[in-house]
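Q: Please take a close look at one part of this model, the place where its main pieces meet. Work towards it from the local details, and keep the account connected.

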Amino acid sequence: MGERLRQVSAIIERHPTIPAEAVIKEDLLRTGLAFSPAALQLAAQFKAKAYFIFSFDLVPLAEMGQQEHWKAPEEIWMEGGDWGFRRTIVSVRLNPHSPYQVDAVDGRAFLRVDGTPICEIRFPPVPEYYNRTLASGKRVIEIAPTIEWGYLIYLTVFRICQYFGDKEECQFCDINENYRQQIKEGRPYTGVKSIEEILEALQIIADTDSVSHAYTLTGGSITSKLKNQTEVEFYAQYAAAIEARFPGRWIGKMVAQALPKAEAQLYKNAGVRIYHPNYEVWDADLFEWICPGKARYVGRDEWIRRILDAAEIFGPSYVIPNMVAGIEMAQPNGFTDVEAAIRSTGEGLEFFMSRGISPRFTTWCPEPLTKLGKLNPQGAPLEYHVRLLETWRDTHARFGLPTPPGYGEPGIGKAVFSVSSFMDVIAPQPEPVVPAV
Ligand code: SF4
């Protein structure tokens with residue numbers, strides 16, 4: 001048994017209430033995945049990675065020796081194998097140097113760790129709408145890609161963030177660097193998507209698809225103005241246009257800054273049902289270090305106040321702030337001890353969940369073009385991620401909170417959320433009915 005497999009097996013043994021699938025998923029998300037030439041050849045016939053907002057890769061595109069970024073699938077589906085895995089969907093984060101490798105023989109793909117086969121792998125089918133183009137010639141994959149095995153339409157309508165440079169950008173975020181590298185690589189990558197092209201792409205999806213159930217509207221922060229509009233004016237107009245054309249067809253979600261109450265109300269008025277004012281990291285000092293732009297323009301206390309205000313507008317279950325799981329252990333300023341990091345993040349979970357708000361997380365991908373990624377190429381320890389899953393699950397259960405809406409079915413073998421395992425580890429329970437606007 002190789003070293004990585006030994007470490008992972010020990011962690012699985014130490015945490016018997018966390019499914020082994022979720023432990024492997026977290027390790028894949030923090031480490032990335034390599035593809036053999038045969039697996040890449042097979043994967044190229046399936047739904048490709050769209051680079052829906054960030055790079056979510058462990059190496060820059062320029063260092064992809066096999067041009068993996070053009071051929072790799074958006075996600076993988078782990079199942080079966082010697083470990084008897086139940087279906088588990090994982091976002092593909094490329095790393096040609098990873099101990100995890102997808103290989104293929106006779107048209108069947110499987111996952112290896114340190115060369116040992118673990119489970120079988122399926123790739124996502126190409127949806128009908130990915131074969132269509134808009135009148136402008138742009139492809140639907142660029143304007144309205146889907147993730148979570150087709151459940152979520154991901155609309156990054158502004159691919160740049162106005163928090164710019166070292167002193168403002170969130171230190172884990174490569175939105176601006178990723179935009180630059182994609183343009184350099186020649187990928188069609190619209191900086192600001194028009195409402196018309198969004199509606200045209202959604203019309204194609206509406207006409208051809210029954211798998212998608214939600215859309216996310218998002219993009220970089222707007223600290224001054226974009227096209228003469230403030231952040232709320234800019235993003236709300238997309239929601240309003242989508243809901244006017246396709247009333248209630250999908251659950252509308254907005255990932256944007258924590259805005260003052262009157263402005264957050266404008267999102268609600270536009271038809272947004274779920275609001276994600278992401279707080280990224282709980283610890284006050286780490287927030288200052290990791291999110292300097294947010295700290296300067298809004299401030300942590302005000303950010304938190306606005307999350308609570310938003311709960312009065314949307315209802316607490318429909319405010320789901322994201323944190324980037326693992327950045328609290330980024331060096332040189334983060335926690336060095338897993339339990340201390342979990343205590344801090346657990347305090348944040350307690351704060352929000354006791355008020356009916358369930359934060360969720362995205363497992364940190366230490367992208368190499370970010371400040372934190374350069375300093376911490378190994379990311380956070382796997383033990384941290386597994387402890388966080390336990391803590392999130394137990395706190396969520398203790399407060400008797402409903403399954404977060406807008407993520408599909410919970411539970412191992414059913415969840416589709418692909419950038420963290422929080423939906424895989426909660427016990428199946430009905431998703432609350434999302435109220436119509
Ligand atoms: S606000 Fe931070 S996380 Fe969001 S896009 Fe800008 S730099 Fe990235």
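A: Y51 sits in the loop that runs between helix 3 (37-43) and helix 4 (68-71). In this predicted model, its phi is near 55°, a positive value in a residue other than glycine. A second backbone detail is found at P332, in the loop between strand 12 (322-325) and helix 13 (338-353). The peptide bond leading from Q331 to P332 is cis, and its omega is near 20°.

These two loops fall on either side of the domain division. The domain assignment splits the protein chain into domain 1 (3-122) and domain 2 (131-425). Taken over C-alpha atoms, the centres of domain 1 and domain 2 are separated by 23 Å. Their contact draws on 35 residues from domain 1 and 39 residues from domain 2. On the side of domain 1 that touches domain 2, at least two residues come from each of helix 1 (3-14), helix 2 and strand 3 (85-91). Helix 2 gives the largest share of that side, eight residues. By class, the side of domain 1 that touches domain 2 holds 19 nonpolar, five polar and 11 charged residues.

Helix 2 therefore deserves the closer look, as the source of the largest share. Helix 2 (residues 20-31) meets helix 15 (residues 382-398), with axes that come within 10 Å and cross at roughly 130°. Helix 2 is oblique to helix 15 because of that angle. The crossing of this pair, helix 2 and helix 15, is right-handed. Helix 2 makes the contact through A22, V23, E26, D27 and R30, and helix 15 through L382, H385, V386 and L389. The contact of helix 2 with helix 15 counts five nonpolar, one polar and three charged residues. The charged residues are E26, D27 and R30, which belong to helix 2, while the polar one is H385 of helix 15.

Within domain 2, two further helix contacts share helix 8. The axes of helix 7 (residues 195-208) and helix 8 (residues 231-245) come within 10 Å and cross at roughly 35°, in a right-handed crossing. I195, I198, L199 and L202 of helix 7 contact Q237, Y238, A241, I242 and R245 of helix 8. The contact of helix 7 with helix 8 consists of seven nonpolar residues, one polar and one charged.

Helix 8 also packs against helix 9 (residues 261-270), at an angle of about 15° and with the axes 8 Å apart. With that angle, helix 8 is roughly parallel to helix 9. Helix 8 passes helix 9 in a right-handed crossing. Here V232, A236, A239, A240 and E243 in helix 8 meet E263, L266, Y267 and A270 in helix 9. The contact of helix 8 with helix 9 has seven nonpolar, no polar and two charged residues. The charged pair consists of E243 on helix 8 and E263 on helix 9.

The ligand remains to be placed. Around the ligand are C161, Y163, E169, C170, C173, I175, G220 and S221. This shell is made up of five nonpolar, two polar and one charged residues. The charged residue of the shell is E169, and G220 and S221 are the polar ones.

Terms used:
Residues are numbered from 1 along each chain as its sequence is written. This is a predicted model: local features need pLDDT of at least 70, side-chain atom pairs count only at pLDDT 80 or more; totals for chains, interfaces and linings use all residues. Axes are lines fitted to C-alpha atoms, for helices over the stretch in contact, and angles run from 0 to 180 degrees between N-to-C directions. Helices (H or I, at least four residues) and strands (E, at least two) are DSSP runs, numbered from the N terminus. Angles under 35 degrees count as roughly parallel, over 145 as roughly antiparallel, 65 to 115 as roughly perpendicular and the rest as oblique. A crossing is left-handed if the near helix is turned anticlockwise from the far one by less than a right angle, and right-handed if clockwise. Two residues are in contact if their C-beta atoms, placed from the backbone, lie within 7 Å. A residue is near a molecule or strand if its C-beta atom, placed from the backbone, lies within 6 Å of it. Domain bounds come from an automatic or database domain assignment.
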